[in-house]
Amino acid sequence: MMDKHTTTLPVTFTGQGRDYFGIWAVNLLLTVLTLGIYSAWAKVRRMHFFYRHTRLAGAAFDYHGEPLSILKGRTLAFLMFMGHQLSAEAEPLLAVLVLVILLAVMPWLLHRSLCFRMHNSSFRGLRFVFRGSVKQAYVVFLGLPLLIVVSLGLAFPLWIHALKVYQYGSSGFGRSEFQCALSRGEIYRVYLAAGIVTVVGAGVIILLLGLGVAEGLSLDEEARRQALTIVGSAALFVVFAMMLCVAPFVAARVQNAVWGGLSLGPHRFVSAVSGRRLAFITLTNLLGVVFSLGLYRPFAELRLMKYRLESISMLPDGNLDDFMARTEADLAALGEEAAEMFDVDVGL
């Protein structure tokens, strides 16, 4: 039986590195000169660039966030951080109390931030919406992180699964709902494989250090220092290589799993990120940033974003224009939902 999703609509990104470099350079300069205040306006300019150059079915996305709302959120986050730092210097018990208050408030703030971000994102003039509950936010942003600590990290894949389902599955477009059928077993398999590679890598590092120490015992002081330096450098190289190999493959498989289980009404999505390609981009981006003394950073960011975005495609069930027309008609008849927002973007 043939799949009725025969049409593929790939996401395309049209942004150019030289254009983004100009935005990045001005944003950096003005942020430094204003002691960070301009960072809110810098974020809006950056979001405009990436949204408006991301296209699906010939139409671009758009971002409508206001710099003052972002500045409010960043000011609030800074004050919360400073409050904890000052209380820690004044009285340890007070610092613990402040930390408990911050932990109690943070899930609610992150929930409002998701509402803000989605409400200020649009496609073809229609806004997205976030309908996740505050109760779910406390489970995802407080309960499960505590479980990770108690389980010594074993619950980390469970948290990743819950976070992705909450972010994607609680979103909507107009009055249509996203559904995220992400498999918990798939996420556990990804992190199990990553964990095995990490354990093997850690074993190699311990072996190198052990051999270095054993070798160093039979040498004089100067030779011992040189041997330990070589072994330490080799161990750091193994750690770096292990992270470079593991992280991109995990990111690729998680993105493919999330988008492969995502649907909007009758329309489905797919993602085809290659772990090898992502690792190559990550490595060459890192080399470019290092050897350019940081000047390649905006090109690296754009290159990575372009690859990950253009790996996503939509599989529409029927004519997308008809779906958009029905969505617009529903909103016109029922009225656009009022956005219950804190009007503050604290970031996620």
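How many helices and strands are there in the protein? In this predicted model, the count comes to eleven helices and ten strands. The passage below starts with the overall picture, then turns to the sheet, the helices that rest on it, the salt bridges and a few individual residues.

The protein has 348 residues, and 38% of them count as buried. Its accessible surface comes to about 19,300 Å², with 69% of that area belonging to carbon and sulfur atoms. Contacts that reach along the chain also help to introduce the fold: taking contacts between residues at least 6 apart in sequence, 74% join residues at least 24 apart.

The strands offer a good place to begin a tour. Ten strands form a closed barrel, which runs E1-E2-E3-E4-E5-E6-E7-E8-E9-E10 with antiparallel pairing. Within this sheet, neighbouring strands are turned against each other by 30° on average, direction ignored. One of the pairings can be followed in detail. Strand E2, made of residues 54-56, pairs with E3 in the antiparallel sense, over two bridges. Here Leu 56 has Ala 59, in E3, as its bridge partner. Helix H2 packs on the sheet, where it touches strand E1 (9-13), E2, E3 and strand E4 (121-123). The direction of H2 makes about 165° with that of E3. A further helix, H4 (residues 92-119), lies across E3, E4, E5 and strand E6 (171-173). Helix H4 runs at about 165° to E5.

Salt bridges come next, and a search of the whole structure finds six of them. One of these joins Asp 62 and Arg 52, whose closest N and O atoms are 2.7 Å apart. Asp 62 lies in strand E3 (residues 59-63) and Arg 52 in helix H2 (residues 39-52), so the pair ties together parts that are ten residues apart in sequence. This adds a side-chain link to the picture of H2 packing on the sheet, where E3 is among the strands touched. Is Arg 52 buried, exposed or partly exposed? With a relative accessibility of 41%, Arg 52 counts as partly exposed.

Another salt bridge is formed by Arg 131 and Glu 177, with 2.8 Å between the closest N and O atoms. This pair links distant parts of the chain, 46 residues apart. Arg 131 sits in the loop between strand E5 (126-130) and helix H5 (134-150), whereas Glu 177 belongs to strand E7 (residues 176-180). Both partners count as partly exposed: the relative accessible area is 28% for Arg 131 and the relative accessibility is 34% for Glu 177.

A salt bridge within a single helix is found where the side chains of Glu 310 and Lys 306 meet, at 3.0 Å from N to O. Both residues lie in helix H10 (residues 297-310), and they are four residues apart, about one turn of the helix. Glu 310 is partly exposed at 34% relative accessibility, and Lys 306 is partly exposed too, with a relative accessible area of 29%. Elsewhere, Glu 186, Arg 189 and Arg 253 are joined into one network by salt bridges that share partners.

What of disulfides? The structure holds zero of them. A disulfide is a covalent bond between the sulfur atoms of two cysteines. Among the cysteines, Cys 115 has a relative accessibility of 8% and Cys 180 has one of 13%; both count as buried because each value is under 20%.

Two further residues, both in helices, round off the tour. His 161 is found in helix H6 (residues 156-169). Because its relative accessibility is 9%, His 161 counts as buried. Its contacts, leaving aside neighbours within four places in sequence, are with Leu 182, Ser 183, Arg 184 and Ile 187. Ala 202 has its place in helix H7 (residues 184-217). Ala 202 is partly exposed, since its relative accessible area is 31%. The C-alpha atom of Ala 202 is separated by 9.1 Å from that of Met 242, a residue 40 places away along the chain.

Notes. Residues are numbered from 1 along each chain as its sequence is written. This is a predicted model: local features need pLDDT of at least 70, side-chain atom pairs count only at pLDDT 80 or more; totals for chains, interfaces and linings use all residues. Side-chain values use heavy atoms; hydrogens and water are left out. A disulfide is a pair of cysteine sulfur atoms within 2.5 Å. Buried means under 20% relative accessible area, exposed over 50%, partly exposed in between (1.4 Å probe, protein chains only). Contact means heavy atoms within 4.5 Å. Accessible areas come from the Shrake-Rupley method with a 1.4 Å probe; for residues, only the protein chains shown count as cover. A salt bridge is a side-chain nitrogen of Lys or Arg within 4 Å of a carboxyl oxygen of Asp or Glu. Two strands pair if DSSP finds at least two bridges between them. Axes are lines fitted to C-alpha atoms, for helices over the stretch in contact, and angles run from 0 to 180 degrees between N-to-C directions.
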